[in-house]
Amino acid sequence: MSEKVESTGMDLLKEIANVSGKGGLFRILKPSRAGVIVESLDEKREKTLIGPTARVSVLKDVSIFTDGEEESAPLADVFLKIREEHGEEVTLQPKTASDKELIEFLNKILPDFDRSKVYVSDIKKIITWYNLLSKYTPELFVAAPEEAGEGVEAEEAPEVVAEEIAEAPEKDKKSAK
């Protein structure tokens, strides 16, 4: 298996970044002497060199401020809750939605978000980023083996092996004839 297939799920957020001053999201390809090479997460898939002075925020490190016991909720958890609630696409349009609609949207997903620290512009970014990720990197939302429950696979494995062992002597008998 390739390395990317093995690292399924929200762990892939460590490869996705937002670059201050540039719209959209970018996949981090590799560092270079002059900065970091990124690829846009859209139809164009343009590769760009981002200089060392640019503010690059890796989505794995982004979280949403909350009022609860935890001071923040990881963006990955928020994206998974959005997936449960809205499926593959959030139909609420960030550009045309009212502030009230945007706040209600996040309130359904993360009821204890800190209303004094999370701005409407942040909610717009969350929706935009979610839709981009869902469209261009759907593998983010595929459960990693430990999330899917390796115990289930382990329980099924002995049955498969037992069936193969039971069939093996029959195959040997046929080939011996």
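**Exercise 1. Find the aromatic pairs and work out how they join up.**

Start with the count: the structure holds two aromatic pairs. For a pair, ring centres of Phe, Tyr or Trp (its six-membered ring) must lie within 6.5 Å; planes under 30 degrees apart are stacked, over 60 edge-to-face, and the rest tilted.

Step 1. Take Phe 79 and Tyr 130. Their ring centres are 6.0 Å apart and their planes meet at 50°, so this pair is tilted. Phe 79 sits in helix α2 (residues 75-86) and Tyr 130 in helix α4 (residues 120-136), so the pair ties together parts 51 residues apart in sequence. Helices here are DSSP runs of H or I with at least four residues, strands are runs of E with at least two, and both are numbered from the N terminus.

Before going on, a word on the model. It is a predicted one, where local features need pLDDT of at least 70 and side-chain atom pairs count only at pLDDT 80 or more, while totals for chains, interfaces and linings use all residues. Residues are numbered from 1 along each chain as its sequence is written, and side-chain values use heavy atoms, with hydrogens and water left out.

Step 2. Check burial. Phe 79 is buried at a relative accessible area of 0%, and Tyr 130 is buried with 0%. The scale uses a 1.4 Å probe and protein chains only: buried is under 20% relative accessible area, exposed is over 50%, and partly exposed is in between.

Step 3. Stay with Tyr 130. Tyr 130 also pairs with Phe 141, edge-to-face, at 5.4 Å centre to centre and 65° between the planes. Phe 141 is in the loop between α4 and α5 (145-148) while Tyr 130 is in helix α4, so this pair ties together parts eleven residues apart in sequence. Phe 141 is buried too, at 14%.

Step 4. Put the pieces together: ring pairs link Phe 79, Tyr 130 and Phe 141 into a cluster.

**Exercise 2. Track down the salt bridges and say what each one links.**

There are three salt bridges in the structure. The test is a side-chain nitrogen of Lys or Arg within 4 Å of a carboxyl oxygen of Asp or Glu.

Step 1. Asp 11 bridges to Lys 60, with the closest N and O atoms 3.3 Å apart. Asp 11 is in the loop between α1 and β1 (16-19) and Lys 60 in the loop between β5 (56-58) and β6 (63-65), 49 residues apart. Asp 11 is partly exposed at 34%, and Lys 60 is partly exposed at 37%.

Step 2. Glu 139 meets Arg 27 at 3.5 Å, N to O. Glu 139 lies in the loop between α4 and α5 and Arg 27 in strand β2 (residues 26-32), so the bridge ties together parts 112 residues apart in sequence. Glu 139 is partly exposed at 32%, whereas Arg 27 is buried at 10%.

Step 3. Glu 43 bridges to Lys 135, with the closest N and O atoms 3.6 Å apart. Here the loop between β3 and β4 supplies Glu 43, helix α4 supplies Lys 135, and 92 residues separate them. Glu 43 is exposed at 60%, and Lys 135 is exposed at 56%.

**Exercise 3. Describe the hairpin of β3 and β4.**

Step 1. Strand β3 (residues 35-40) and strand β4 (residues 47-50) pair in the antiparallel sense over four bridges. Pairing calls for at least two DSSP bridges between the strands.

Step 2. For a register mark, use Val 38, which stands opposite Thr 48 in β4.

Step 3. Look at the turn: six residues lie between the strands, and Arg 45 takes a positive phi near 55°.

**Exercise 4. Judge where the model is confident.**

Step 1. Start with the average. The chain has a mean pLDDT (the predictor's confidence in each residue, from 0 to 100) of 80, and 76% of the residues score at least 70.

Step 2. Rank the elements. Helix α1 (residues 3-6) has the lowest mean, 40, and helix α3 (residues 99-109) the highest, 96.

Step 3. Find the weak stretches. Residues 1-8 stay under 50 in pLDDT, and the model has eight contacts for them beyond four places in sequence. Residues 146-177 also stay under 50, with two such contacts. A contact means heavy atoms within 4.5 Å.
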